[in-house]
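Welcome! Please take a look at the sequence and the 3D structure below, and then we will walk through them together.

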Amino acid sequence: MTTPTHTLLLVEQQSLVRSTVAAVARQLNLARIDEATSIDAAEQRLAARRYDGLLLSLDEPDRALALLARLRAGELNGYPGLPVVLMTHTCSAELATQVRQHDVRRLLLKPFKLKVLLQSIETLSQPVRDKEPA
């Protein structure tokens, strides 16, 4: 069995969701998963190392979107184009607009199906394509 080459940061407060996502990714050898239980912990991990992707729960929507804005502004270690998948229980029109502004690859509504999760992890593991000028 080969070792995954991509490392993703999973930010999720709910331990059952966090442990399930991490376990499935590890068992299927999709990616190495670092886990953070809060936005504060995520900021520390993002400042300490570079990740290939971010799975970010919107349990604290204002703080999570602020983290995403800082990431996109290049304020955290890594790069502004870091691939991101967001996870949330609900999505209003306002949230959808904010998500589009932050160039999110996918928005998952909880509870999500395992297949959708696996596809999202694979999406995060794909190389970032530079946007062509408009």
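## Overall fold

The protein has five helices and five strands. Going along the sequence, these elements follow the pattern β-α-β-α-β-α-β-α-β-α. The radius of gyration is 14 Å, close to the 14 Å that the globule rule gives for 134 residues, so the protein is as compact as a globular protein of that length. Please keep in mind that this is a predicted model.

To get a feel for the dimensions, picture a box of roughly 40 × 30 × 30 Å along the principal axes, which the C-alpha atoms fill. Of the 134 residues, 41% count as buried. Now turn to the contacts between residues with a separation of 6 or more: 64% of them are accounted for by residues 24 or more positions apart.

## From S1 to S2

A good place to start tracing the chain is strand S1, residues 7-11, which pairs with strand S2, residues 32-36. The two strands run in the parallel sense, and five bridges link them. Within this pairing, Leu9 stands opposite Asp34 in S2. Between the two strands, the chain passes through helix H1, residues 15-27, and this β-α-β crossover is right-handed.

On the way from H1 to S2 you will meet Asn29, which lies in the loop between them. Asn29 is not a glycine, yet its phi is positive, near 60°.

## The loops around S5

Further along, two loops deserve a look. The loop between helix H4 (93-101) and S5 holds Asp103. Here, too, a residue other than glycine has a positive phi, near 55° for Asp103. Is Asp103 buried or exposed? Asp103 is partly exposed, because its relative accessible area is 38%, between the 20% under which a residue counts as buried and the 50% over which it counts as exposed.

After strand S5 (106-109) comes the loop that leads to helix H5 (114-124), and Pro111 is found there. The peptide bond joining Lys110 and Pro111 is cis, with omega at about -5°.

## Aromatic rings

How many aromatic pairs does a search of the whole structure find? The search finds zero. One ring does have a charged partner, though: Arg49 lies over the face of Tyr51, and the distance from the ring centre is 4.8 Å.

Notes: Residues numbered from 1 in each chain as written. Predicted model: local features only at pLDDT ≥ 70, side-chain atom pairs only at ≥ 80, totals over all residues. Heavy atoms only, no water. Pairing = 2+ DSSP bridges. Helix = DSSP H or I, 4+ residues; strand = E, 2+ residues; numbered from the N terminus. Right-handed = clockwise from strand over helix to strand, strands pointing away. Phe/Tyr/Trp six-rings, centres within 6.5 Å; stacked < 30°, edge-to-face > 60°. Lys NZ or Arg CZ within 6 Å of the ring centre and 35° of its normal. Rg over C-alpha atoms; globule rule 2.2 N^0.38 Å. Buried < 20%, exposed > 50% of the residue type's maximum accessible area, 1.4 Å probe, protein only. Contact = heavy atoms within 4.5 Å.
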